[in-house]
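Subject: Structure handover

Hello,

Here is the structure I said I would pass on. Please look through it first; my notes on what was found follow below.

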Amino acid sequence: MKIIISDYATSMMADHSYEIKLLKQQHPQWIVKVLVYDPNDLTEFNHELADADALITAFIPIDTMLLAEAPYLKLISVNAMGFNNVDLKAASAYGVRVCAISDYCSDDVAEFTFSLILSLTKQLKAYDELLHTKHVWKYNSLPPQKRLAKQTLGILGLGKIGQKVAHIAKAFGMQVLAYDPFLPQEVAAKLRIPLISVNQLYQRSDIITNHMRLTKDNRSFFDKSAFEKMSARRPTFINVARGESVNEEALLDALDKGLIKGAGLDVLSSEKPDLEGHPLLNRPNVILTPHAAFYSVDSVTDLQRISCQNVVRFFEGEHDMVSHFVDEQPKILI
């Protein structure tokens, strides 16, 4: 049995000893290979993949080209909640099962979301910049903002993370609205959160935060039209979900024209952005972080544990213990 742990250099953990320990604990004969995925030179990766039984990854694109290089592959264990990088139909065609992690960081992402909301609402970056660059010690050097209890939070995607963000928002006394076409009305009713149309949310929210899982239907969901519809309230825009949900040119235009007040972004359209001269940098009303919302001691431990447990349980035949399959049962073997 051979398991590969691999991802882009920027996404790889510094230490994989815990994962190796978990995988080999009951199966010391298993071979575990850890390597960086370099899309510009796949020689080593394809060589190791050729006889691998399982692949643990978060961001490597899983498509027909990769699967064709892996005739013995039986499982892809996505060590993330999102799995939009996996072509599920192709995996099914090649007889490869795909599992992802249902939850390991919802608390961390919700906390991070509110860190961005508070930092932008209280203008911490702008004050800090004025102090450090111009030595301005003056509270009214920036315009006053409304307290959170006087603001409305609009949440797109009222899943586990969205619900935890809503819980924190209510603790601050905020009114909470949500858009989620997949959430049953009765669930929202129990949460006492009105489900409204996306256009209504744009028009009524002072802060808009995105927690939607990325699908083919919501790529560039936040486009020129969306930001124009927000302009009446000039909301603060938060994205800690997936960068591909946002049309960055439209976001830049909205910032430049003042259609939105500011932006807190934990993700960009690329997981490997070219930051040299990036137009979203060096703006006092924009906070950028490197897809770090999930990152804590606890989340990393859970991430590694669950993704490895999924591999062990799969090959031990305990499929009902895998958390959780996101694919269709393979129907055709190529």
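Over residues 16-318 the chain is 38% helix and 14% strand, and the C-alpha atoms at the two ends of that stretch are 24 Å apart. Helices (H or I, at least four residues) and strands (E, at least two) are DSSP runs, numbered from the N terminus. UniProt, in an unreviewed entry, gives residues 16-318 the feature "domain: D-isomer specific 2-hydroxyacid dehydrogenase catalytic"; its positions are in the numbering used here, feature names are shortened, and annotations may be inferred rather than shown by experiment.

The model is predicted: local features need pLDDT of at least 70, side-chain atom pairs count only at pLDDT 80 or more, and totals for chains, interfaces and linings use all residues. Residues are numbered from 1 along each chain as its sequence is written, and side-chain values use heavy atoms, with hydrogens and water left out.

The sheets

One open sheet has 5 strands in the order β2-β1-β3-β4-β5, with parallel pairing (two strands pair if DSSP finds at least two bridges between them). β2 (31-36) and β5 (97-99) are at the edges with a single partner strand each, so one side of each has no neighbour in the sheet. Neighbouring strands here are turned by 20° against each other on average, direction ignored. For angles, axes are lines fitted to C-alpha atoms, for helices over the stretch in contact, and values run from 0 to 180 degrees between N-to-C directions. Within this sheet, β3 (residues 54-57) and β4 (residues 75-78) run parallel and are joined by 4 bridges, and Thr57 stands opposite Val78 in β4.

Helix α1 (residues 17-24) packs on this sheet, touching β1 (2-7), β2 and β3, with its direction at about 155° to that of β2. Helix α12 (residues 297-315) also packs on the sheet; α12 touches β1, β3, β4 and β5, and its direction makes about 155° with that of β4. Contact means heavy atoms within 4.5 Å.

Another open sheet has 6 strands, ordered β7-β6-β8-β9-β10-β11, with parallel pairing. Its edge strands, β7 (175-179) and β11 (286-288), each pair on one side only. The average turn between neighbouring strands of this sheet is 15°, direction ignored. Strand β9 (residues 236-239) runs parallel to β10 (residues 262-265), with 4 bridges between them, and Asn239 stands opposite Leu265 in β10.

Helix α7 (residues 160-171) lies across β6 (152-156), β7 and β8 (207-210), at about 175° to β6. Helix α11 (residues 248-257) lies across β9, β10 and β11, at about 145° to β10.

Cavity and pocket

On a 1 Å grid over the protein atoms alone, a cavity is a set of points where a 1.4 Å probe fits but cannot get out, and a pocket is an open set with protein on both sides within 12 Å along at least five of seven lines; lining residues have an atom within 4 Å of a point. Points are joined across faces, edges and corners, and a volume is the space filled by probe spheres set on them.

A search of the whole structure finds 1 cavity of 30 Å³ or more. The largest cavity has a volume of about 40 Å³. Its lining includes Asn239 and Leu265, along with Glu248 and Leu251.

The second largest pocket holds about 360 Å³ of space. Of its 21 lining residues, Leu120, Gln123, Gln145, Lys261 and Asn285 are the closest to its centre. α5 (106-121) and α6 (124-134) each supply at least two residues of that lining.

Regards
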